[in-house]
Amino acid sequence: MSWFILVIAGLLETGWAIGLKYTEGFTRLWPSVWTIAAMIVSFWLLAFAMKTLPVGTAYGVWVGIGAVGTVILGIALFHEPVNPARLISVGLIILGIIGLKLSSAH
């Protein structure tokens with residue numbers, strides 16, 4: 001169950017990272033409200049997952065999911081560049097997430 005919660009926390013991290021773009025420096029009310037709410041829930045779920053998962057593993061996976069999701073949504077929503085170096089880098093992050101999961105005792 002902790003892994004499922006951690007994945008949800010990572011997806012919410014992606015949500016709030018993308019949400020920051022829409023807040024326009026926290027000058028837009030509703031995007032700011034949703035972004036802050038996603039931050040709070042994401043941190044809370046991360047903390048909950050850390051009750052049973054090692055801190056380094058949980059944090060690394062959370063950041064990795066957030067980074068990969070943010071890059072993918074940046075490409076899809078904001079037409080950020082797609083090139084081999086970026087794709088290889090995202091692939092390496094995914095391999096790191098998998099490695100942390102496989103090397104965890106939980």
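## Overall fold

In the protein chain, 69% of the contacts (heavy atoms within 4.5 Å) between residues at least 6 apart in sequence join residues at least 24 apart. This is a predicted model, in which local features need pLDDT of at least 70 and side-chain atom pairs count only at pLDDT 80 or more, while totals for chains, interfaces and linings use all residues. Residues are numbered from 1 along each chain as its sequence is written, and side-chain values use heavy atoms, with hydrogens and water left out.

The chain has four helices and zero strands (DSSP runs, numbered from the N terminus: H or I of at least four residues for helices, E of at least two for strands). Its C-alpha trace spans about 45 × 35 × 15 Å along the principal axes.

## Packing of α1 and α2

Helix α1 covers residues 2-23 and helix α2 residues 29-49; they pack at an angle of about 155 degrees, with axes 8 Å apart. Axes are lines fitted to C-alpha atoms, for helices over the stretch in contact, and angles run from 0 to 180 degrees between N-to-C directions. The two helices are therefore roughly antiparallel (over 145 degrees).

Residues making this contact include Leu-12, Trp-16 and Leu-20 of α1 and Met-39, Leu-45 and Phe-48 of α2.

## Burial and surface

Of the 106 residues, 34% count as buried (under 20% relative accessible area, 1.4 Å probe, protein chains only). The chain exposes about 6,400 Å² (Shrake-Rupley method, 1.4 Å probe), and carbon and sulfur atoms supply 78% of that area.

Definitions and conventions:
Angles under 35 degrees count as roughly parallel, over 145 as roughly antiparallel, 65 to 115 as roughly perpendicular and the rest as oblique. Buried means under 20% relative accessible area, exposed over 50%, partly exposed in between (1.4 Å probe, protein chains only).
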